[in-house]
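Visitor: I should like to learn how to read the nonpolar core and the salt bridges of a structure. Please take them in turn.

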Amino acid sequence: MTQERRFRAAKPGDAAFILDLERTGMEAYAVALWGQWRPSATLETLSLAGHRILQAGARDVGCLALWEDPSCLFVKKLYIAPEARGRGHGAWALTQLTAEAQARGLPIRLNVLVTNPALRFYRREGFRVCARSPERITCDWQPGAGEAIRRV
């Protein structure tokens, strides 16, 4: 049976969870690329603006962080807890986000480290590569492309 999924706004008590998701989701790829891990923030400096916590049933299983611009929605973070991966939570989060972007007529953009295999996931979910640098791959999703997103 699939547990009901939903987003809720992040609260101050979620900072440790978000930073742990970032570390477990990104540390290996950062070390492979730069030779070291540097978290984006600390408990004291993490801004929760734009952060949503993904819940499955009563459990927190991931987070999504967006930066909203008049021209696009920019995904700063999409992390799923290691024990919750492979269960469709990330695809569900993107389905919700693409529906929101479609309704607003906005594209979605995101960056993936070149060492991160998540690029395959984003491409499978309807994103296309639009730029590359030595460190990052930029992907986007355009309104009207919603039919390409797998519905979960």
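Guide: The core comes first below, and the salt bridges follow. This is a predicted model, in which local features need pLDDT of at least 70 and side-chain atom pairs count only at pLDDT 80 or more, while totals for chains, interfaces and linings use all residues. Residues are numbered from 1 along each chain as its sequence is written, and side-chain values use heavy atoms, with hydrogens and water left out.

Visitor: Which residues of the largest nonpolar core touch the most other members?

Guide: A nonpolar core is a set of buried Ala, Val, Leu, Ile, Met, Phe, Trp, Tyr and Cys residues joined through side-chain atoms within 4.5 Å. Buried means under 20% relative accessible area, exposed over 50%, and partly exposed in between (1.4 Å probe, protein chains only). Here the largest core has 40 residues, of which V75, L78, L97, I108, Y122 and F127 touch the most other members. The elements giving two or more residues to this core include α1 (15-34), β3 (59-69), β4 (72-80) and α2 (89-104). The largest contribution, six residues, comes from α2. Helices (H or I, at least four residues) and strands (E, at least two) are DSSP runs, numbered from the N terminus.

Visitor: What does Y122 touch?

Guide: Contact means heavy atoms within 4.5 Å. Leaving aside residues up to four places away in sequence, Y122 touches L78, L94, L110, V112 and F127.

Visitor: How many salt bridges does the structure hold?

Guide: Side chains of opposite charge can pair when their charged atoms come close. A salt bridge is a side-chain nitrogen of Lys or Arg within 4 Å of a carboxyl oxygen of Asp or Glu. The structure holds 11. One of them joins R23 and D20 (2.8 Å, N to O).

Visitor: Where do R23 and D20 lie relative to each other?

Guide: They are three residues apart in helix α1, and therefore separated by about one helical turn. R23 is partly exposed at 35% relative accessible area, and D20 is partly exposed at 37%.

Visitor: Which residue does E83 pair with?

Guide: E83 forms a salt bridge with R59, the closest N and O atoms being 3.6 Å apart. E83 lies in the loop between β4 and α2 and R59 in strand β3, so the pair ties together parts 24 residues apart in sequence.

Visitor: Which residues are joined into one network by salt bridges that share partners?

Guide: Consider one pair beforehand: the side chains of E68 and R104 meet in a salt bridge (2.9 Å, N to O). This pair links distant parts of the chain, with E68 in strand β3 and R104 in helix α2, 36 residues apart. Salt bridges with shared partners join R52, E68, E100 and R104 into one network.
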